[in-house]
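Let's take a walk through a protein together. Keep the sequence and the 3D view side by side as you read.

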Amino acid sequence: MTREFTGWHMLALMVGGFGIIITVNLTLAWNAVATFPGLETRNSYVVSQKFEADRAAQNALRWDVDASIVDGTLTVAIMDKDGNPVQAEVTRATLGRATHTGEDSTPEFTWNGAALTAPVTAGEGYWNLRLELIAPDGTKFRRRFPLTAK
């Protein structure tokens with residue numbers, strides 16, 4: 001015995017199929033908005049007015065900066081143009097994931113004579129270190145370092 005495929009069956013298939021698509025889209029959109037880490041700056045126009053001058057001052061330092069996470073230790077090595085280590089003052093540091101702020105932490109750096117080091121709890125994967133320093137001559141240095149912890 002065969003059942004007849006009616007308009008009600010077609011309506012149920014259409015409502016069910018589009019219902020699944022709409023539910024998935026709404027779930028993904030909600031998760032994207034809920035986990036967005038936020039703004040880099042409140043007023044990008046004001047920041048842009050000083051951007052070129054700040055970048056030129058930072059580039060004039062001619063620092064070579066290397067950041068890494070190895071065995072739970074975050075190391076930031078700063079070398080001047082002659083290859084000598086630079087001890088800069090850390091004014092702000094944030095270590096976190098690129099996709100959410102749930103694992104953000106503020107490393108407490110100490111100077112070991114060659115680099116700035118800090119113990120961190122960083123699981124495997126990609127991390128960002130947002131670092132603001134003051135050079136010995138008073139120049140502000142600001143960078144974001146993408147890192148991979150293994």
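We will go from a surface patch to a sheet, then to a buried residue and some charged pairs.

What you see here is a predicted model. Start with helix 1, which covers residues 7–34 and holds Ile22. With a relative accessibility of 49%, Ile22 counts as partly exposed. Ile22 belongs to a nonpolar patch on the surface, together with Phe5, Met10, Leu13, Met14, Phe18, Ile21 and Leu26. Taken together, the residues of this patch have about 830 Å² of accessible area.

Now turn to the sheet. Three strands make up this open sheet in the order 3-6-7, with antiparallel pairing. Strand 3 (89–96) and strand 7 (140–149) are the edge strands, each pairing on one side only. On average, neighbouring strands here are turned by 15° against each other, direction ignored. Between strand 3 and strand 6 there are seven bridges in the antiparallel sense, and Thr94 stands opposite Arg130 in strand 6.

Is Leu129, a residue of strand 6, buried or exposed? Leu129 counts as buried because its relative accessibility is 0%. Setting aside neighbours within four places in sequence, Leu129 is in contact with Ala67, Leu74, Val76, Thr94, Leu95, Arg143, Arg144, Phe145 and Leu147.

Helix 2 (residues 44–60) has a buried residue to look at as well: Gln58 is located there, and its relative accessible area is 7%. Leaving out neighbours within four places in sequence, Gln58 is in contact with Thr139, Lys140, Phe141, Arg142 and Arg143.

Finally, let's follow the charges. How many salt bridges does a search of the whole structure find? The search finds four. One of them joins the side chains of Glu52 and Arg55, at 2.9 Å from N to O. Glu52 and Arg55 are three residues apart in helix 2, so about one helical turn separates them. Both count as partly exposed, Glu52 at 49% relative accessibility and Arg55 at 39%.

Another salt bridge brings together the side chains of Arg92 and Glu132, at 3.9 Å from N to O. This pair links distant parts of the chain, as Arg92 in strand 3 and Glu132 in strand 6 are 40 residues apart. Glu132 also forms a salt bridge with Arg142, their closest N and O atoms being 3.8 Å apart. Arg142 lies in strand 7 and Glu132 in strand 6, so this pair ties together parts that are ten residues apart in sequence. Through these shared partners, Arg92, Glu132 and Arg142 are joined into one network.

Key. Residues are numbered from 1 along each chain as its sequence is written. This is a predicted model: local features need pLDDT of at least 70, side-chain atom pairs count only at pLDDT 80 or more; totals for chains, interfaces and linings use all residues. Side-chain values use heavy atoms; hydrogens and water are left out. Patches are made of residues with over 30% relative accessible area and no salt bridge: like charges are joined within 9 Å, nonpolar side chains (Val, Leu, Ile, Met, Phe, Trp, Tyr) within 5 Å. Accessible areas come from the Shrake-Rupley method with a 1.4 Å probe; for residues, only the protein chains shown count as cover. Helices (H or I, at least four residues) and strands (E, at least two) are DSSP runs, numbered from the N terminus. Buried means under 20% relative accessible area, exposed over 50%, partly exposed in between (1.4 Å probe, protein chains only). Contact means heavy atoms within 4.5 Å. Two strands pair if DSSP finds at least two bridges between them. Axes are lines fitted to C-alpha atoms, for helices over the stretch in contact, and angles run from 0 to 180 degrees between N-to-C directions.
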